[in-house]
Amino acid sequence: MDPTMPDEQEARKFSADETPAVECEAPFFKPKHTSTQFPPNLALEVSNGVTNEPQEPIQDNDCLHASQDSATRPGPQLVNETEADQYDEPSLNVRPPLRQSLGISNCVVIIGGTVLTFIAIGYLIFLWADGDRHTGGVEALHLWRTVMLEGWATRSVTLTAIILRVVSAAQAGICTSIVAALLLERRGVPLSRVAQLSITRSVNGGPRELLQWIISSRGRSMTFTPEAFLLLIVALTAFAIQFSSTILLSDFDTTRLVKYPNNTLVNLALSPTAADNVGEFLTVGDLDSSTVLFGELDTPNDPTPNALGISDIGVKRRAFLPFQKEDRVNVQLFEGAAFNLNTRSSCIRPSLTAKLYMDSQKFPAIEGTISYNQTFGAAGLDVPKTCYTSNESQNTYCLPETFNCTIPSASKGETPLEWPAAVCHLPINPDDSTHAMPAWDMHSNPLDFTSGSWPSIVFVSNISRSFWSQLSKPLDLGTPDPYGEWNTYEVEPSNLLNISLCFSGVNTTVSALTMTGEIDQSEPELQWNTTTYSFEVDSLQTLMGAGPERKTTEQRGVLSIKGDIQDPASPSAFSVNSSSVAGVISASMQSFGNGVAADVWSNSGQWSSVGMCDHCTIFTGSVSLDIATLFQHIINTSGRAAVAMDTYLAMLGRSWYYSLFQKFDVPGHVTVAFATEVLLPMYWDGITAVIVLVTVNIVCTWIITVLYICRARFTLVGNFWHAISQLISDDTLSVIEKSNGKKDDEVSKILKSTDQLVKIDRDRDSGRVLVVRC
């Protein structure tokens with residue numbers, strides 16, 4: 001026998017008729033009395049110190065020897081009540097400390113889980129809130145840009161969602177144990193459910209079974225108790241949080257972000273050898289003049305003509321990108337050497353003496369003389385020299401006094417939506433021995449012919465084809481009506497011819513500069529309208545800055561030239577011997593400028609104009625249909641001849657640049673940053689839903705925890721023996737005896753008539769914590 005047993009227990013004898021004929025390997029205890037009244041001086045040592053009825057050992061001979069041998073080994077022993085109280089029984093008025101009643105691990109899950117949840121939510125808000133999507137995230141924190149550009153956003157959101165799911169599930173399990181304890185201690189439960197709830201205090205199995213019973217018909221009365229209602233909310237929100245990854249990823253969409261700048265080596269210019277192999281170039285009418293992106297220096301110039309009819313667009317500096325289309329649209333930063341096209345156009349009302357006639361090919365035409373003295377005098381300007389010799393080329397250029405140009409008219413049987421237009425380039429090479437055109441000096445107004453400008457006459461007319469077919473002899477123009485930079489001639493009622501004299505300067509350079517792009521920039525595709533049988537050029541007009549209203553480069557979607565422009569680029573911009581840089585720049589500038597000049601020269605001279613219309617009849621020079629349609633559209637929507645002329649020259653230069661681009665063979669270092677498409681949070685619906693779910697879940701979890709701390713007295717969450725020992729009472733012993741080998745449903749049926757409400761409380765007589773009736 002156990003040496004610690006009291007003497008009176010040691011003196012007890014066990015008769016042979018009390019020993020059942022069973023096999024056993026270890027002693028077990030069987031109630032001696034049918035009554036569950038406990039002798040006051042005996043107690044079974046258990047975790048909460050609850051005294052059980054003294055037990056009588058039943059042994060056969062083998063078990064007796066085993067029992068005697070085990071007396072020297074530690075194991076369950078009977079002790080007196082005083083000893084049990086000394087070790088296990090807390091004060092009646094003192095709750096167990098939180099580290100015992102709730103447990104350190106559970107406290108860590110609740111407190112640490114809450115902190116971890118707040119960190120996770122903070123990280124999600126950081127992903128959603130940081131970074132201006134409209135600027136490509138260039139102002140965002142380095143961490144945010146790295147996460148997004150490396151494609152870690154969706155992965156990190158998924159991992160963060162796992163943290164939220166794990167924490168909410170773990171806390172829901174603890175809340176289940178806590179609510180079970182509160183129901184047992186404060187509310188009372190049916191006797192048939194007391195075992196389930198007592199064990200639930202120790203096993204964090206989740207809230208499903210407990211809520212299933214609470215919501216059922218027999219437990220429905222507890223549904224609206226605070227702790228049960230809070231547990232229901234915790235369970236529902238924890239369940240919804242399991243789908244937080246899907247909810248959060250629903251906020252993601254594809255957008256463009258700017259990568260970090262990268263220094264790279266690209267071909268930027270032509271070597272003298274490559275320039276020599278470009279060959280003669282007479283027209284760009286068949287070249288690709290699609291809507292390629294470029295950079296432009298934003299200027300505030302207003303082309304609106306003054307009271308004297310002078311319209312000046314100001315200096316336009318455009319730079320072209322040494323990339324193919326797939327890279328051009330993604331350029332957000334460019335620092336390095338680039339080809340520049342510098343242009344300026346000014347238009348005034350011309351003083352003409354002319355007549356209209358049908359030429360030998362039965363096309364409408366106009367011939368006459370220009371009075372430069374009257375033209376410039378009426379505009380309040382000094383009359384420029386009409387001839388000069390270029391200091392660079394030693395070529396002589398003169399303004400022609402006579403002109404002979406073709407005029408556009410609507411096609412037979414058509415009423416055009418827009419008035420047809422045409423440009424007549426005046427020949428300035430007196431002997432026509434060279435097609436070289438002067439380079440503009442970039443400092444003077446092009447109205448000063450000696451600055452290197454190119455003169456042109458712009459015609460816009462609504463004269464019908466039927467009028468021209470009936471014209472049998474030349475018709476004098478008559479007296480014009482001035483309007484802006486135009487002189488308007490009424491040939492016959494409602495048949496008008498508008499004429500403006502324009503001077504345009506063109507200069508090409510290879511310059512060092514910085515360009516920045518817009519995140520949503522693109523190269524608009526020209527769409528063919530099957531109703532009007534013409535190109536839709538509105539997007540192209542906006543891109544070129546040729547609309548009726550002035551827009552900034554950012555609003556137009558083109559790159560902006562920022563800071564100072566270095567003309568020409570320094571030798572360090574090229575990855576070649578510094579002594580060769582001067583030749584590279586000179587060859588590149590000449591090849592670029594000659595292309596634009598060649599087109600103008602090839603279409604200058606007698607008997608021909610360049611038709612700038614899509615539905616017209618004209619004996620014309622060569623130009624691509626998109627350029628012609630755009631020119632006509634600019635004239636008809638803005639009325640500005642200077643804007644149309646400048647845009648026309650810019651498109652010629654851009655087309656010629658990309659025909660040279662494939663021949664570039666001189667590399668240079670550039671710093672470039674591209675935009676790329678990434679998946680990132682674009683909307684707030686999903687994260688808002690997750691934040692609400694997590695917040696409600698955390699708040700309810702803490703309310704349940706506070707209720708437990710304030711109200712629970714006898715529960716040690718997560719501990720098993722006290723949960724079992726507290727089930728031992730007069731009301732449960734008979735149930736325990738009958739439930740061996742039975743299912744819970746069967747026990748519930750047995751107790752159906754006597755399933756009274758019970759709870760866990762301290763017995764007034766014995767002072768033990770056990771199941772008592774409510």
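Let's start with a strand pair. Strand β13, residues 364-370, pairs with β16 in the antiparallel sense, over five bridges. One position to look at: A365 stands opposite T406 in β16. Strand β16 itself covers residues 402-406, and it is mostly covered, with four of its five residues buried. Keep in mind that this is a predicted model.

Now the overall picture. The protein has 23 helices and 31 strands. It runs to 774 residues, and buried residues make up 52% of them. The exposed surface is about 36000 Å², and carbon and sulfur atoms supply 54% of that. Next, contacts between residues at least 6 apart in sequence. Of these, 79% join residues at least 24 apart.

On to the interior. Which residues touch the most other members of the largest nonpolar core? They are I366, L497, F574, F631 and Y648, out of 117 residues in that core. Helix α19, residues 641-661, gives the most to this core: 15 residues. Apart from it lies another core, of 42 residues. I110, I174, L230 and A235 are among its members.

Take F574 from the largest core. Leave out residues up to four places away in sequence. F574 then touches L268, A269, A337, V510, A569, V581, I585, V666, P667 and G668.

Next, S461. You will find S461 in strand β19, residues 454-461. Is S461 buried or exposed? Its relative accessible area is 0%, so S461 counts as buried, the cut-off being under 20%. What does the side chain of S461 have for polar company? One of its polar atoms lies 3.1 Å from the backbone oxygen of L496. Again without residues up to four places away in sequence, S461 touches P408, W419, P420, L496 and L497. L497 is a name you have heard: it was on the list of core residues that touch the most other members.

Now a long helix check. Helix α6 has 35 residues, 153-187. At 1.5 Å a residue, α6 should span 51 Å. The end C-alpha atoms are 48 Å apart, which agrees. What follows α6? G188 does, and its phi is positive, near 95°.

Then comes a sheet. Three strands form an open sheet, in the order β5-β30-β31, with antiparallel pairing. β5, at 189-190, and β31, at 769-773, stand at the edges. Each of those two has a single partner strand, so one side of each is left without a neighbour in the sheet. Strand β30, residues 757-762, pairs with β31 over five bridges, in the antiparallel sense. Within that pairing, the bridge partner of I760 is V771 in β31.

Last residue: F252. F252 lies in strand β6, residues 252-258. With a relative accessible area of 10%, F252 is buried, since the cut-off is under 20%. How far apart are the C-alpha atoms of F252 and T154? They are separated by 8.3 Å, while the two residues are 98 residues apart along the chain. What does F252 touch, not counting residues up to four places away in sequence? The list is W128, A153, T154, V157, L679, L680, P681, M682 and Y683. Of these, A153, T154 and V157 fall within the residue range of helix α6. That takes us back to the long helix.

Definitions and conventions: Residues numbered from 1 in each chain as written. Predicted model: local features only at pLDDT ≥ 70, side-chain atom pairs only at ≥ 80, totals over all residues. Heavy atoms only, no water. Expected span 1.5 Å × (residues − 1). Core = buried A, V, L, I, M, F, W, Y, C linked by side-chain atoms within 4.5 Å. Buried < 20%, exposed > 50% of the residue type's maximum accessible area, 1.4 Å probe, protein only. Contact = heavy atoms within 4.5 Å. Pairing = 2+ DSSP bridges. Areas by Shrake-Rupley, 256 points an atom, 1.4 Å probe, with all protein chains shown as cover. Polar contact = N/O pair within 3.5 Å; in protein donor to acceptor, adjacent residues only side chain to side chain.
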